[in-house]
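Here is a set of short exercises to work through with the model open beside you. Try each task before you read its solution.

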Amino acid sequence: MKYSYLASRKKSPVTSELQLILIFFSVTILVLLFTYLFLLYKDYRFMQDVVSITKQRAELRTNIEDMKDKISFVEKEIALSERIYTDNTVLKDSISNLFDLVPQRITLSEALLRKDGLTLYGITPNKDVYNFMLQAPLRSIFYKTYSSFYPAENGWLHFVSTNYIKSDDINED
Amino acid sequence: MKIKITRPNLYLIIMSTFLLIFVLLFSFLLLIPKGKNYRMQKIEFKKEMKQLRQLEDLNSEKVATLKDLRVKNRRVIDAFDAKFSVDRFDTLNSKYFDSLTISKVKTPTRDDEFDIYEVNTSSQISSPKSFYNFLDSINKGEWIIAVNLPVHFKRESELIKSSFTMKVYCSTRDSNGSKVSLVSK
């Protein structure tokens, strides 16, 4: 038996208010969860990146040390070569100066260039020529100069001139 | 006055309160500390990146310096790397002497990063100028050679006999800078 002309409204436990609240909280919780997951992911990525950066930095440091070592070695080579080239040039100039020093009237038969001095063997017409033309310039260059003479067959004099430089001026290798 | 709350509304209030507490707890216990941590890590990461970039710049600078040094001093580096050959030396320098005899005095000695060969040289020259030319040429030659004192010149008829020792310097490293074992010739 019907008491109303209207069809009865079905009752549901999910009311419109409940729906509204559920949607609101679902969205909120989802947003919070996604944010949290994003932060977890970023945390993981940071860890990975930091490990990778630490590794790269260690490699770079090793590389830089290696480069410094190589640069220092090349600089050492350059410095050594320059010193050797200079020494060779100085030696050349010394020999050249030595031969220029000997006057025309004196003939050298032997020359020995040492670290600590110079020994010359030769022949001179007389002592005066030797003393004025060779010994005088040698005295001005060397710290100590010793000369000895002995007669040659042609009436000239053989001489041996031994000259020393100051021990402070000797450059050791 | 009595507040009348219907049963569905009561459930609604309880559920809302529960969810609100959950959201607040989740936010304050997990999300906000994680967010702070994220911000700090980001700052730390930027610092690390800055340091990495500085190291990269320094590395590039060193590579450029080394490259520049190697380009500018190619001849010197090659000369140190070249292995000394008596025959080759004879071929290159015999033009300065009327006769040239060279012999290695002893096996190389190692001085820090260089092997030093001692070479005994005796030669005959027609004039000291040849010797000067020889000294000029070794400064431009294939090896790094130092002429040692004593140098002995002795007149023998029209020629001058000269005898001296030379030190030939060879690098104990290869061109990449790593050390190689000493090879005695």
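**Exercise 1: a sheet shared by two chains**

Task: Which residue is the bridge partner of A:Leu113 in strand 3 of chain B, and in which sense do strand 1 of chain A and strand 3 of chain B pair?

Solution. Step 1: the bridge partner of A:Leu113 in strand 3 of chain B is B:Val151. Before going on, note that the model is predicted: local features need pLDDT of at least 70, side-chain atom pairs count only at pLDDT 80 or more, and totals for chains, interfaces and linings use all residues. Residues are numbered from 1 along each chain as its sequence is written, while chains are lettered from A and ligands numbered from 1 in the order in which they are written.

Step 2: helices (H or I, at least four residues) and strands (E, at least two) are DSSP runs, numbered from the N terminus. Two strands pair if DSSP finds at least two bridges between them. Strand 1 of chain A (residues 107–113) pairs with strand 3 of chain B over four bridges, in the antiparallel sense.

Step 3: A:Glu110 is opposite B:Lys154 in strand 3 of chain B. B:Lys154 also has a bridge partner in strand 4 of chain B, namely B:Lys161.

**Exercise 2: hairpins**

Task: How many residues lie between the two strands in the hairpin of strand 3 and strand 4 of chain B, in that of strand 1 and strand 2 of chain A, and in that of strand 3 and strand 4 of chain A?

Solution. Step 1: in chain B, strand 3 and strand 4 are antiparallel with ten bridges. Two residues lie between them in the hairpin, and B:Ser157 in the turn has a positive phi of about 50°.

Step 2: strand 1 and strand 2 of chain A pair antiparallel over six bridges, and their hairpin has three residues between the strands. Here A:Ala111 faces A:Leu120 of strand 2 of chain A as its opposite residue.

Step 3: strand 3 of chain A is joined by eight bridges to the antiparallel strand 4 of chain A (residues 157–164). Five residues separate the two strands in this hairpin, and A:Gly155 in the turn has a positive phi of about 95°. A:Tyr146 stands opposite A:Thr162.

Step 4: a residue is buried if 20 or more other C-beta atoms, placed from the backbone, lie within 10 Å of its own, exposed if 12 or fewer, and partly exposed in between. Among the eight residues of strand 3 of chain A (144–151), the count of buried residues is zero.

**Exercise 3: the helix of chain A**

Task: Why does the end-to-end distance of helix 1 of chain A agree with its number of residues?

Solution. Step 1: the expected span of a helix is 1.5 Å times one less than its number of residues. Step 2: helix 1 of chain A has 86 residues, so it should span 128 Å, and its end C-alpha atoms are 122 Å apart, which agrees.

Step 3: the buried residues of this helix include A:Met67, A:Val74, A:Leu80 and A:Ile95. Contact means that C-beta atoms, placed from the backbone, lie within 7 Å. The buried residues of helix 1 of chain A pack against strand 1 of chain A, and against helix 1, helix 2, helix 4, strand 3 and strand 4 of chain B.

**Exercise 4: interface and core**

Task: Which element of chain B gives the most residues to the side that touches chain A, and which residues of the largest nonpolar core touch the most other members?

Solution. Step 1: chain B brings 55 residues to the contact and chain A brings 53 residues. Helix 1 of chain B gives the most to the chain B side, with 30 residues.

Step 2: a nonpolar core is a set of buried Ala, Val, Leu, Ile, Met, Phe, Trp, Tyr and Cys residues joined through C-beta atoms within 7 Å. The largest one has 32 residues, of which B:Ile145 and B:Val168 touch the most other members. Elements of both chains each supply at least two residues of this core, including helix 1 of chain A and strand 4 of chain B.

Step 3: leaving aside neighbours within four places in sequence, B:Val168 contacts B:Phe84, B:Tyr117, B:Val119, B:Trp143 and B:Ile145.

Terms used. Contact = placed C-beta atoms within 7 Å.
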